[in-house]
Amino acid sequence: MRSRSWRSRVTALGAVLANALTVGAAGPVPDQSDDLGPEITAIMNKPAYQHAQWGLLEIDDATGRVIHSRYPDQFFIPGSTAKLVSVSGAWHTLGGDHRFTTPVQAVGERDGTALNGSLVLVAQGDLTMGGRTKPDGGVDYTTIDHTYANDVPGATLTPENPLAGLDGIARQVRESGLTEIRGDVAVDSRLFTTSEGLDPGPDPLIVNDNVIDLLTTPTAPGTTAQLSWRPQVAPYQVESTVQTVPAGGTTDIAVAASPDGTHLTLSGTIAADAPPALRISHVQDPAAFGRTALIEALARAGVTVTAPPTGPNPADLLPATYDGTQRVGAYVSPVFAEYAKLILKVSHNLGANLTICLMAVTAGSHQCDGGFPVLNAFLRQAGIDPTQAQLLDGRGGNPIDRVTPRVENEILHYWQGTPDADRFREAQPILGVDGSLATACAGCPTCPGKGKVWAKPGSVLGFDALNGRLAVGGETLGGYLDAGHGRLHTFYLAVNGASTPDINSFFDVINDLSRISGLLQEQAEQAP
């Protein structure tokens with residue numbers, strides 16, 4: 001996809017940026033009096049918020065005392081703070097220590113070191129299949145995730161091998177004594193079927209977030225730039241005509257794909273002094289892609305397959321049951337709490353939508369929509385009124401998604417009463433430190449709240465064609481404030497209906513909410 005002007009794109013900027021259709025308010029509401037101090041009040045009164053509405057609820061978590069309150073029971077467009085709801089439901093349902101086990105079954109009869117039959121990888125909805133797993137068992141991430149590379153400058157790759165999980169499975173197959181598969185390899189993706197409301201739609205098999213990474217590095221001006229790409233799996237082919245232009249020139253790279261998505265072409269320019277520029281292309285058929293990747297991994301491990309490595313996934317080979325078949329390999333994931341950290345730290349949209357599907361599976365459903373009743377039941381069990389939220393996805397990108405400041409505070413409070421309180425809090429981006437809030441203090445010599453605010457941001461942004469401006473449907477931030485002396489405050493801050501001239505001014509809106517959260521943290525810490 002060609003880099004486009006801010007006027008023509010709806011992007012994800014460290015959070016969800018989707019079409020802004022309405023503000024959360026249901027018509028004019030009189031202002032509510034709440035003394036926030038002169039600095040916060042000045043921020044809220046900026047011209048960008050002339051027609052906007054602010055919402056805020058801050059509560060002392062230990063005592064339940066309300067510190068600040070503005071429209072706590074009114075719906076606001078949540079953006080990615082909806083992930084606090086969906087991830088909480090999945091974390092509670094699966095358990096923070098849950099691990100996904102993705103097996104490979106031998107379907108057929110063994111003849112010495114050969115299998116007269118097929119291998120079947122039974123996909124289990126593992127979010128990374130080892131592609132981000134660090135040596136310590138944690139899940140790696142960067143400040144701007146590669147899944148946002150087509151829309152957000154500065155996206156980078158983690159160093160891990162995206163095919164690590166499949167390579168591990170292949171080695172286990174070889175260690176089981178098999179050296180030849182006299183049949184085929186298939187991927188069983190019957191675990192769930194995604195629903196229309198989930199965009200991006202998860203697949204039971206996810207390898208490298210089901211994207212191809214395309215990294216362009218400038219060379220000397222006037223020469224073709226250097227290209228590297230991963231994961232390199234047949235029949236994918238990548239060509240580049242991107243030219244390096246003099247320092248200070250324009251970096252504008254387009255990615256075109258063949259109808260089946262396997263032939264990729266990059267064109268455009270990159271400035272000689274620019275950092276490497278990352279783009280991605282989505283895998284259109286995850287099962288076929290995974291099948292080929294596994295066959296190639298088996299070859300690297302010394303196991304031959306008689307079937308051709310490329311082509312459609314032979315779903316007709318899948319048995320009705322795996323009873324009586326032999327497991328010859330399996331990949332075991334990191335704990336779910338690590339996946340939750342990835343989803344929350346970088347606002348991982350695919351992973352957030354995946355949580356809905358995973359909850360559906362626990363209820364015996366193969367339709368992702370079956371996850372919403374599970375989420376509803378979790379909220380009720382936690383003593384939270386589910387009608388305080390409206391969701392049609394897990395990431396906060398659907399036009400109907402709404403939350404109240406109160407429901408977000410109640411979810412944050414719920415976790416404080418569980419053994420996973422610290423893990424859940426630390427899974428949030430930390431102001432000025434990591435994740436989506438890593439750069440919140442950039443250019444700010446004094447950054448209030450740095451390292452003392454754990455919070456999930458969210459954004460909903462669209463182009464206002466009438467006025468040639470950006471319409472900020474919603475900018476939100478919800479999490480925990482360090483109130484000193486071992487105390488925590490929960491808070492949820494939202495503004496719906498802001499307007500900015502351009503994309504750079506939109507970043508000012510993000511920074512405004514970050515600064516308000518930092519000022520709230522300072523107030524909480526200084527209060528008697």
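Two strands count as paired here if DSSP finds at least two bridges between them. In this predicted model, strand S12 meets that condition with strand S9, and Gln237 stands opposite His263 in S12. The protein has 528 residues, of which 58% count as buried. Its secondary structure comes to 10 helices and 20 strands. The points below cover overall dimensions, the pairing around S12, a three-stranded sheet, the two disulfides and helix H5.

**Overall dimensions and packing**

- The radius of gyration of the protein is 24 Å, and a compact globule with 528 residues would have a value near 24 Å, so the two agree.
- Along the principal axes, the C-alpha trace spans about 80 × 60 × 40 Å.
- Among contacts in the protein with a separation of 6 or more, 73% come from residues 24 or more positions apart.
- About 20300 Å² of the protein is exposed, and carbon and sulfur atoms supply 52% of that area.

**Pairing around strand S12**

- Strands of a sheet pair through backbone hydrogen bonds, in either a parallel or an antiparallel sense.
- Strand S9 (residues 237-240) and strand S12 (residues 263-271) run parallel and are joined by four bridges.
- In this S9 pairing, the residue opposite Gln237 is His263 of S12.
- Strand S10 (residues 243-245) also pairs with S12 in the parallel sense, over three bridges.
- Val245 has Ala271 in S12 as its bridge partner.
- Strand S11 (residues 252-257) runs antiparallel to S12, and six bridges join the two.
- Ala257 has Leu264 in S12 as its bridge partner.
- S11 and S12 form a hairpin with five residues between the strands, and Gly261 in this hairpin takes a positive phi near 80°.

**The sheet S8-S7-S13**

- Three strands make up an open sheet in the order S8-S7-S13, with antiparallel pairing.
- Strand S8 (226-230) and strand S13 (277-282) stand at the edges with a single partner strand each, so each has one side without a neighbour in the sheet.
- From one strand to the next, the twist averages 20°.
- Strand S7 (residues 211-217) and S13 run antiparallel and are joined by six bridges.
- Within the pairing of S7 and S13, Ile212 stands opposite Ser281 in S13.

**Disulfides**

- The structure holds two disulfides.
- With the bonded cysteines numbered in sequence order, the pairing is 1-2, 3-4.
- One disulfide is formed by Cys357 and Cys368, with their sulfur atoms 2.1 Å apart.
- Cys357 lies in helix H6 (residues 349-362), whereas Cys368 lies in the loop between H6 and helix H7 (371-381), 11 residues apart.
- The torsion about the S-S bond of Cys357 and Cys368 is about 100°, so this disulfide is right-handed.
- Is Cys357 buried or exposed? Cys357 has 0% relative accessibility and therefore counts as buried, since the limit for a buried residue is under 20% relative accessible area.
- Cys368 likewise has 0% relative accessibility and so counts as buried.
- The other disulfide joins Cys441 to Cys447, with an S to S distance of 1.7 Å.
- The link of Cys441 and Cys447 is left-handed, with -50° about the S-S bond.
- Cys441 and Cys447 are both buried.

**Helix H5**

- Helix H5 (residues 336-346) is mostly covered, with 10 of its 11 residues buried.
- The buried residues of H5 include the aromatic positions Phe336 and Tyr339 as well as Leu342, Ile343, Leu344 and Val346.
- Glu338 and Lys345 are also among the buried residues of H5, as are Ala337 and Ala340.
- The cover over the buried residues of H5 includes three helices, namely helix H2 (83-94), H6 and helix H9 (421-426), together with strand S18 (453-464).
- Helix H6, part of that cover, is also the helix that holds Cys357.
- Ser347 follows H5 and has a positive phi, near 60°.

Notes
Residues are numbered from 1 along each chain as its sequence is written. This is a predicted model: local features need pLDDT of at least 70, side-chain atom pairs count only at pLDDT 80 or more; totals for chains, interfaces and linings use all residues. Side-chain values use heavy atoms; hydrogens and water are left out. A disulfide is a pair of cysteine sulfur atoms within 2.5 Å. Buried means under 20% relative accessible area, exposed over 50%, partly exposed in between (1.4 Å probe, protein chains only). Axes are lines fitted to C-alpha atoms, for helices over the stretch in contact, and angles run from 0 to 180 degrees between N-to-C directions. The radius of gyration is taken over C-alpha atoms; the globule rule is 2.2 Å times the number of residues to the power 0.38. Contact means heavy atoms within 4.5 Å. Accessible areas come from the Shrake-Rupley method with a 1.4 Å probe; for residues, only the protein chains shown count as cover.
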